[in-house]
Amino acid sequence: MDSTGHFARALGIAGILGAALTTQRAQGQDASPQPAAEVPAAADNSAPAPPAPAAPPAEQPAAPAPPPQPEIDVGVWLRAGARVQGSDNPKALNDVAMDTVFGELNASGKVHDQVTLTLNLAANGLAGSVGILDAIVAVDFAEPLHLWAGQFLVPVDRANFAGPFFMLPWNYPGLYTVGAAVVPATPHAGPYGRNAGAVLWGEAAEGKVHYYGGVFAPNVGDSPLYSARVSFAPIGAEHGYYASSTYSGAQNIIAIDVGLQYQKDGSAPPPGAGAPPGTTDNYTEINAGVFGEYKLTGTSYLTGEAAYYHFAGDYEPVKDNFYLLAAYTTDRIGIGQIQPLLRYQMGSREGFTVSAIDVFVNYLIAGPALRLMFGFQHTDLDAGVVGNALQLGVQGMLF
């Protein structure tokens with residue numbers, strides 16, 4: 001074959017190869033991934049689509065939460081004491097008898113942010129009596145203003161606020177007793193220092209100033225008893241309705257207070273005095289006192305108190321009365337603190353004088369909450385009526 005034939009044959013083979021490559025390239029492009037096309041509708045014989053989920057049931061309202069139960073504070077206070085004193089001759093120390101068997105059950109709780117209810121019951125084991133001691137509705141508007149109504153301690157002096165549980169001597173001041181003879185020289189208050197009525201009171205200057213003004217109705221038909229008190233603490237502070245005759249060395253404090261009472265026809269002769277029925281006179285009482293406690297080294301402290309009372313009314317057994325008290329409390333010795341104390345008190349009226357000296361030692365295991373007591377009291381009711389007594393006692397308080 002000549003050269004021209006070879007050339008023509010080469011061109012033919014190249015053309016065939018080019019056509020084949022073009023066809024293969026086109027087929028490769030067709031096999032490459034294509035964009036997703038719409039899914040065709042299912043054929044009649046395909047599985048049915050699952051049903052749409054049911055709508056959730058409508059939410060039921062939650063049950064209302066029960067109202068919160070009020071918190072109630074409960075306390076039990078107990079005192080028991082014995083007296084060694086002659087029954088026939090009160091100057092002799094030759095008879096022993098129980099002097100005190102007394103208990104309180106105290107409960108209080110809030111029924112509103114500003115309203116507290118209190119119910120305290122008292123049981124006198126020697127008298128065999130149980131009754132309501134306190135029943136108080138207390139409305140606390142603000143720190144400077146509170147309203148108490150019901151039956152509770154009459155605001156007149158520190159001794160009545162402290163009561164036997166929070167005063168250092170075992171015996172209440174102003175009650176001069178020899179055997180069955182008793183000469184009272186205390187403000188008018190009622191059994192256990194309580195009465196039924198209402199009081200507006202408050203504190204200011206972070207507890208340095210307290211004021212009280214109350215009206216009480218001792219019995220139906222009686223004239224109202226008005227009772228007021230103001231106290232000022234230049235050192236330290238006191239908080240709340242009550243005041244104490246000791247703070248167990250928790251603070252240095254000096255407090256000065258003044259009290260006043262008035263009741264029309266409130267001074268009456270004692271039963272059996274032979275006075276005509278309806279014989280009365282107006283009653284007025286004014287008192288002033290000072291109380292102080294000073295911390296020493298460790299847990300030891302000094303306590304001092306003095307008070308003076310003047311009574312106006314023809315039938316008051318004593319016109320003037322006062323007492324002085326001094327006590328020293330040691331550091332802890334064993335499980336408690338030893339607290340020796342001395343109190344002298346005297347009352348008088350137109351040449352008639354009564355007096356009493358208390359020399360006591362307390363053993364304070366937990367302050368007033370648990371204490372043991374041993375002491376001696378000498379009482380003189382004038383006209384040769386004299387008594388001596390040894391006293392032993394124990395006091396416990398569960399708040």
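In the predicted model, L78 of strand β1 stands opposite G103 in β2, and this pair is one point along an antiparallel arrangement in which 13 bridges join β1 (residues 72-84) to β2 (residues 96-112). Strand β1 also runs antiparallel to β19, to which nine bridges join it, and in this second pairing G81 stands opposite G393 of β19.

Strand β19, which spans residues 386-398, pairs in turn with β18 in the antiparallel sense, here over eleven bridges. Within this pairing, D380 has V386 of β19 as its bridge partner. The hairpin of β18 and β19 has five residues between the strands, and in this hairpin D382 takes a positive phi near 70 degrees. Strand β18 is also paired with β17 (residues 352-364), again in the antiparallel sense, over ten bridges, and N362 stands opposite M373 of β18. In the hairpin of β17 and β18, which likewise has five residues between the strands, G367 adopts a positive phi near 60 degrees.

The side chains of β18 can be followed residue by residue. In a regular strand, side chains alternate between the two faces of the sheet. Along β18 (residues 370-380), R371, M373, G375, Q377 and T379 point to one face and are buried, whereas L370, L372, F374, F376, H378 and D380 point to the other face and are not buried.

A buried polar residue is found in strand β16 (residues 336-349), where Q345 is located. With a relative accessibility of 1%, Q345 counts as buried because this value falls under the 20% cut-off. The side chain of Q345 reaches the backbone nitrogen of G174 at 2.8 Å. When residues up to four places away in sequence are not counted, Q345 touches P173, G174, Y176, F322, Y323, V354, S355, A356 and D358.

Positive phi values also occur at two loop residues that are not glycine. A205, with a positive phi of about 55 degrees, is found in the loop between β8 (194-204) and β9 (209-216). S248, whose phi is positive and near 55 degrees, has its place in the loop between β10 (225-235) and β11 (253-267). The relative accessible area of S248 is 32%, so this residue is partly exposed, as its value lies between the limits of 20% and 50%.

Empty space in the model was examined next. Rolling a probe the size of a water molecule over the atoms shows where empty space is left. The second largest pocket holds about 640 Å³ of space, and of the 35 residues that line this pocket, the closest to its centre are H188, A189, G190, P191 and N195. The elements that give two or more residues to the lining are β3 (115-124), β4 (129-142), β8 and β11, and among these β4 gives the most, with five residues.

The confidence of the prediction varies along the chain. The protein has a mean pLDDT of 87, and 84% of its residues reach 70 or more. Over residues 1-46, however, the pLDDT is below 50, and this stretch has two contacts in the model beyond near neighbours in sequence. Where pLDDT is low, the predicted coordinates should not be read in detail.

Terms used: Residues are numbered from 1 along each chain as its sequence is written. This is a predicted model: local features need pLDDT of at least 70, side-chain atom pairs count only at pLDDT 80 or more; totals for chains, interfaces and linings use all residues. Side-chain values use heavy atoms; hydrogens and water are left out. Buried means under 20% relative accessible area, exposed over 50%, partly exposed in between (1.4 Å probe, protein chains only). Helices (H or I, at least four residues) and strands (E, at least two) are DSSP runs, numbered from the N terminus. Two strands pair if DSSP finds at least two bridges between them. pLDDT is the predictor's confidence in each residue, from 0 to 100. Contact means heavy atoms within 4.5 Å. A polar contact is a pair of N or O atoms within 3.5 Å; within protein, one must be able to donate a hydrogen and the other to accept it, and residues adjacent in sequence count only if both atoms are side-chain atoms. On a 1 Å grid over the protein atoms alone, a cavity is a set of points where a 1.4 Å probe fits but cannot get out, and a pocket is an open set with protein on both sides within 12 Å along at least five of seven lines; lining residues have an atom within 4 Å of a point. Grid points are joined across faces, edges and corners, and a volume is the space filled by probe spheres set on the points.
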